[in-house]
Amino acid sequence: MDLIQSYREDIDGGQGHSETSSPDSSSPPRLSLPTRSAAPKVDDTMLSLTVAGQAQSLIAKPIDPTQHLVSFNPTYDQLWAPIVGPSHPYAKDGLAQGLRNHKQGFVENANIEPFAFDEQYNTFYKFGYAADPGENSYVGDVEGFQKNDGISVYNIPQHEQKKRKLEKKKKMLEEKEGDQADAEELDNPATDTWLMKNRKSPWSGKKDWLQEELTEEQQKYAEEHAKKKAEKEGEKQKGEGHTDKSIFHGKEDKDYQGRSWIAAPKDAKANNDHCYIPKRLVHTWSGHTKGVSAIRFFPKHGHLILSAGMDTKVKIWDVFNSGKCMQTYMGHSKAVRDIWFSNDGTKFLSAGYDKNIKYWDTETGKVISTFSTGKVPYVVRLNPDEDKQNVLLAGMSDKKIVQWDINTGQISQEYDQHLGAVNTITFVDNNRRFVTSSDDKSLRVWEFGIPVVIKYISEPHMHSMPSISLHPNSNWLACQSLDNQILIYGTRERFQLNKKKRFAGHIVAGYACQVNFSPDGRFVMSGDGEGRCWFWDWKSCKVFRTIRCHNGVCIGCEWHPLEQSKVATCGWDGLIKYWD
């Protein structure tokens, strides 16, 4: 209330002053109000002292190196002040683990040229002193520094330079004198002149021992050693050696008429041209101690069947009469990969993992010749032409197809275009061309005798094709693809994929299961990885029948060339089964 009263009195006093002071009574009255502050009175002196004290304490307060946030702008002195306080139990020098970049604390990056560093490093280890990069001074042996006038290893003194020049001149004079020496001394290895002239190492100038003539005994031993070494190197370079032998299991090698045991029966003829799917097991051949990798019927007649085993043996079995093993051929030291008959069946080829290809006489069991390039052959074929039965083709593990002349034993051609191991060789177009498949997931068509690819088939969707078979009409190729399907390619000029024909349903991924045709071309057959044999209709591409054949993989299947409803299968269980 006192404030309001004083406010009123001030107004009245102002009006009275305006009335008396203003000569012009017509002008409006003016009020002049004094300023008033609503804020409470504060002692400014104390406030300024308090603020100054807080700022001083902030400046003096050290920064904890472990804290992540600073609430004010610190000065340089605060940031780089020494760490004070009790020692850290796990950081003896007071530095927390996060601030370290070295075992002994924090190390700043320093830059020095490699040449300068190497110079001081080598100088220190030779003379015992080195320049300090941080300061203009030397560290180490001060007396040595003064004695050597502070030279480094790269600063050669003048007297040393003169010494080296004199040595160089002396060496050149010796060489000139050596050139003028007698020709006899230069030609005689026993003289010092020859040794000095032909020295190549610090030890060559010493006459410690000279080669004398070998005695007869030493010479004989050296020859034997060289011969053994050459044989070993030859074995490594070529295939592994193994003694070739065969065992005949039959009663007689000739019958009462004098015919050989491999001769075909005269009454063996095809009953009709129509083929049927087999239904039941007729016979089982068991003689291999390990899996069977391939089977082949005797050409044209099929009265014998040849089998290649992983037990290193090749066996031939009787089909028509006794059903027993007739002969065992032992010439490989490792598993046999592939076999192939000549056109008349009197000879056959075998390829093994011992890197050898052997050409056998079927009747006598003797090895006619052996071929090897030092690589594993995966497939062997003879040219089907009657006049070219001496030409052998082999697909090797080193991406090549090698062609041998059996008569001479020489390599006559090499087809080297594939990017992976060669798996199959199939002759087409009246044997003028052949198709090869490889682990590089491609098909290549070659002109026989010319090592240039005339057709290259490779698509992103293609898989490796480890088995290919030719249709009886020679117009189509059935290719076992590792994506569990059989693809059909034409053998005409373009070798196109027939997209309308595709045979699937079986599981062959990872196995080189053989694909084959019936003699009339109406059925396609293949083994699978689960021991079954599959039959498809060629026209409709539908599964006709499946037979449970083997325990494990059914790797091979062959249709009998004459008996239309009989099929032979082989598997990794070591059995060969005959179905009707």
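# Rings, strands and exposure

Me: How do you know that Tyr329 is buried, and Trp360 too?

Reply: Buried means under 20% relative accessible area, exposed means over 50%, and partly exposed is what lies in between, with a 1.4 Å probe and protein chains only. Tyr329 and Trp360 are both classed as buried, so each falls under the 20% limit. This is a predicted model, in which local features need pLDDT of at least 70 and side-chain atom pairs count only at pLDDT 80 or more, whereas totals for chains, interfaces and linings use all residues. Residues are numbered from 1 along each chain as its sequence is written, and side-chain values use heavy atoms, with hydrogens and water left out.

Me: How many aromatic pairs are counted, and what makes Tyr329 and Trp360 an edge-to-face pair?

Reply: Rings of Phe, Tyr and Trp (for Trp, the six-membered ring) pair if their centres lie within 6.5 Å, and the planes decide the class: under 30 degrees apart is stacked, over 60 is edge-to-face and the rest is tilted. By this rule there are 32 aromatic pairs. For Tyr329 and Trp360 the centres are 5.5 Å apart and the planes stand at 65 degrees, so the pair meets the distance limit and counts as edge-to-face. The pair links distant parts of the chain, since Tyr329 is in strand β8 (residues 325-330) and Trp360 is in strand β11 (residues 357-361), 31 residues apart. Helices here (H or I, at least four residues) and strands (E, at least two) are DSSP runs, numbered from the N terminus.

Me: What links Trp476, Phe503, Phe517, Trp534, Trp536 and Trp538?

Reply: Ring pairs join these six residues, Trp476, Phe503, Phe517, Trp534, Trp536 and Trp538, into a cluster.

Me: Why is Lys501 said to lie over the face of Trp538?

Reply: A charge sits over a ring if NZ of Lys or CZ of Arg is within 6 Å of the ring centre and within 35 degrees of the ring normal. Lys501 is 4.7 Å from the ring centre of Trp538, and Arg381 lies over the face of Trp340 at 4.0 Å from the ring centre, so both distances satisfy the 6 Å limit.

Me: What makes strand β23 mostly covered?

Reply: Six of the six residues in β23 (residues 485-490) are buried. They cover both faces, with Gln485, Leu487 and Tyr489 on one side and Ile486, Ile488 and Gly490 on the other.

Me: How do you know that β22 and β23 pair, and in which sense?

Reply: Two strands pair if DSSP finds at least two bridges between them. Strand β22 (residues 476-481) and β23 have six bridges in the antiparallel sense, so they pass that threshold. Ser481 stands opposite Gln485 in β23. On the other hand, β23 also pairs with strand β24 (residues 497-504), antiparallel over four bridges, and there Arg502 in β24 is the bridge partner of Leu487.

Me: What is notable about phi of Asn484?

Reply: Most residues other than glycine have a negative phi, whereas phi of Asn484 is near 65 degrees, a positive value. Asn484 is in the turn of the hairpin that β22 and β23 form with three residues between them. Its relative accessible area is 22%, and therefore Asn484 is partly exposed.

Me: Why does Asn431 count as buried?

Reply: Asn431 has 18% relative accessibility, which is under the limit and therefore counts as buried. Asn431 is in the loop between β17 (422-428) and β18 (433-438), and its phi, near 65 degrees, is likewise positive.

Me: Why is Tyr125 called exposed?

Reply: The relative accessible area of Tyr125, 59%, is over the limit for that class, so Tyr125 is exposed. Tyr125 is found in helix α4 (residues 114-127).

Me: Why is Thr284 called partly exposed?

Reply: Thr284 has a relative accessible area of 31%, which falls in the middle class, so the label partly exposed applies. Thr284 is found in strand β4 (residues 281-286); Thr284 and Trp579 are 295 residues apart in sequence and 9.0 Å apart in space, C-alpha to C-alpha.
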